[in-house]
Amino acid sequence: MIITGRKATRNHQLTAAEKEANRLLSRERAAVEHGFANLKSWRFLTKVRMHARHATILLRALLVLANTEVQR
């Protein structure tokens, strides 16, 4: 599922709830984008040759470790 933010138009200004929802969505998106940027800096991932399911599990584990390291 793809969740996108709400956009204001000339005829429809955003409510406080919609602005808060956009703010929360932006916060989550930034965390994911930082995680992907961090993974791109790990050069050994360019040489990973394995089944996509195993690579997904590996990437998820690496993201958890990377996010744990950053939060300390």
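**Exercise 1. Charge balance**

Count the positive and negative side chains in this predicted model, and say how far apart the centres of the two sets lie.

*Solution.*
Step 1: count the charges. The protein carries 14 positive side chains and 5 negative ones.
Step 2: locate the two sets. Their centres are 8 Å apart.

**Exercise 2. Salt bridges**

Find how many salt bridges the whole structure holds. Then describe the bridge of Glu-18.

*Solution.*
Step 1: search the whole structure. Two salt bridges turn up.
Step 2: take Glu-18. Its partner is Arg-6, and the closest N and O atoms are 3.5 Å apart. That passes, because the cut-off is 4 Å.
Step 3: place the partners. Glu-18 sits in helix 1, which spans residues 16–40. Arg-6 belongs to the segment before helix 1. Twelve residues separate the two, and the pair links distant parts of the chain.
Step 4: check the cover on Glu-18. The relative accessible area is 16%. Buried means under 20%, so Glu-18 is buried.

**Exercise 3. A bridge within a helix**

Which residue forms a salt bridge with Glu-20, and where do the two lie? Classify both by accessibility.

*Solution.*
Step 1: identify the partner. Glu-20 pairs with Arg-23, with 2.5 Å between the closest N and O atoms.
Step 2: place them. Both residues are in helix 1, three residues apart, about one turn of the helix.
Step 3: classify. Glu-20 has a relative accessible area of 34%. For Arg-23 the value is 45%. The partly exposed class runs between 20% and 50%, so Glu-20 and Arg-23 are both partly exposed.

**Exercise 4. Ala-17**

Is Ala-17 buried or exposed? Give its distance to Arg-27 in sequence and in space.

*Solution.*
Step 1: place the residue. Ala-17 is part of helix 1.
Step 2: apply the cut-off. Its relative accessibility is 57%, and exposed means over 50%, so Ala-17 counts as exposed.
Step 3: compare separations. Arg-27 is ten residues away in sequence. The C-alpha to C-alpha distance between Ala-17 and Arg-27 is 15 Å.

**Exercise 5. Overall form**

Set the radius of gyration of the protein against that of a compact globule of 72 residues. Add the secondary structure, box and surface.

*Solution.*
Step 1: list the elements. There are two helices and zero strands.
Step 2: compare radii. A compact globule of 72 residues would come near 11 Å, but the protein has 17 Å.
Step 3: take the box. Along the principal axes, the C-alpha atoms fill roughly 50 × 30 × 15 Å.
Step 4: examine the surface. About 6800 Å² is exposed, and carbon and sulfur atoms supply 58% of it.
Step 5: state the buried share. Buried residues make up 12% of the 72 residues.

Definitions and conventions. Residues are numbered from 1 along each chain as its sequence is written. This is a predicted model: local features need pLDDT of at least 70, side-chain atom pairs count only at pLDDT 80 or more; totals for chains, interfaces and linings use all residues. Side-chain values use heavy atoms; hydrogens and water are left out. A salt bridge is a side-chain nitrogen of Lys or Arg within 4 Å of a carboxyl oxygen of Asp or Glu. Helices (H or I, at least four residues) and strands (E, at least two) are DSSP runs, numbered from the N terminus. Buried means under 20% relative accessible area, exposed over 50%, partly exposed in between (1.4 Å probe, protein chains only). The radius of gyration is taken over C-alpha atoms; the globule rule is 2.2 Å times the number of residues to the power 0.38. Accessible areas come from the Shrake-Rupley method with a 1.4 Å probe; for residues, only the protein chains shown count as cover. Lys and Arg count as positive and Asp and Glu as negative; His and the chain ends are not counted. The place of a charge is taken as NZ of Lys, CZ of Arg, CG of Asp or CD of Glu.
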